[in-house]
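This report looks at two residues in one loop. Please view the sequence and the model first.

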Amino acid sequence: ANQATGAYAAQICANYQGGNFGDWYLPSKYELNLMYENIGQGNILGNVGGFANSAYWSSTEFDFNYAWLQDFNIGFQYGNLKDFNNYVRAVRAF
């Protein structure tokens with residue numbers, strides 16, 4: 001939301017209106033890791049969350065130029081330049 005206009009990961013999630021709800025947000029690296037372990041490829045049931053075998057942006061910054069990603073193929077988390085294209089998964093509080 002602080003990036004002004006454009007197609008930023010956090011803004012895409014904030015603008016999402018799935019199910020007629022407007023409280024979607026970009027999850028933190030901690031929340032993404034929980035998703036990997038519980039509904040992604042890291043659980044015994046398989047990929048029930050329908051995640052791509054790729055990296056997803058988190059809302060957690062690494063530094064000014066980098067933010068954390070969750071890799072849903074192998075489970076690693078790492079920093080990546082913010083201007084790279086990666087997947088986004090919007091979530092709601094429950």
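A polar contact is a pair of N or O atoms within 3.5 Å; within protein, one must be able to donate a hydrogen and the other to accept it, and residues adjacent in sequence count only if both atoms are side-chain atoms. The model is predicted, so local features need pLDDT of at least 70 and side-chain atom pairs count only at pLDDT 80 or more, while totals for chains, interfaces and linings use all residues. Residues are numbered from 1 along each chain as its sequence is written, and side-chain values use heavy atoms, with hydrogens and water left out.

Gln41 sits in the loop between helix 2 and strand 1. Asn43 is placed in the loop between helix 2 (29-38) and strand 1 (55-61). Helices (H or I, at least four residues) and strands (E, at least two) are DSSP runs, numbered from the N terminus.

The polar contacts of the two side chains are listed below.

| Side chain | Partner | Distance |
|---|---|---|
| Gln41 | side chain of Asn53 | 2.6 Å |
| Gln41 | backbone oxygen of Phe72 | 3.1 Å |
| Asn43 | backbone oxygen of Gly40 | 2.8 Å |
| Asn43 | backbone oxygen of Asn38 | 3.2 Å |

Gln41 is partly exposed, at a relative accessible area of 22%, whereas Asn43 is buried, at 13%. Buried means under 20% relative accessible area, exposed over 50%, and partly exposed in between (1.4 Å probe, protein chains only).

Leaving aside neighbours within four places in sequence, Gln41 is in contact (heavy atoms within 4.5 Å) with residues including Tyr36, Asn47 and Phe51.
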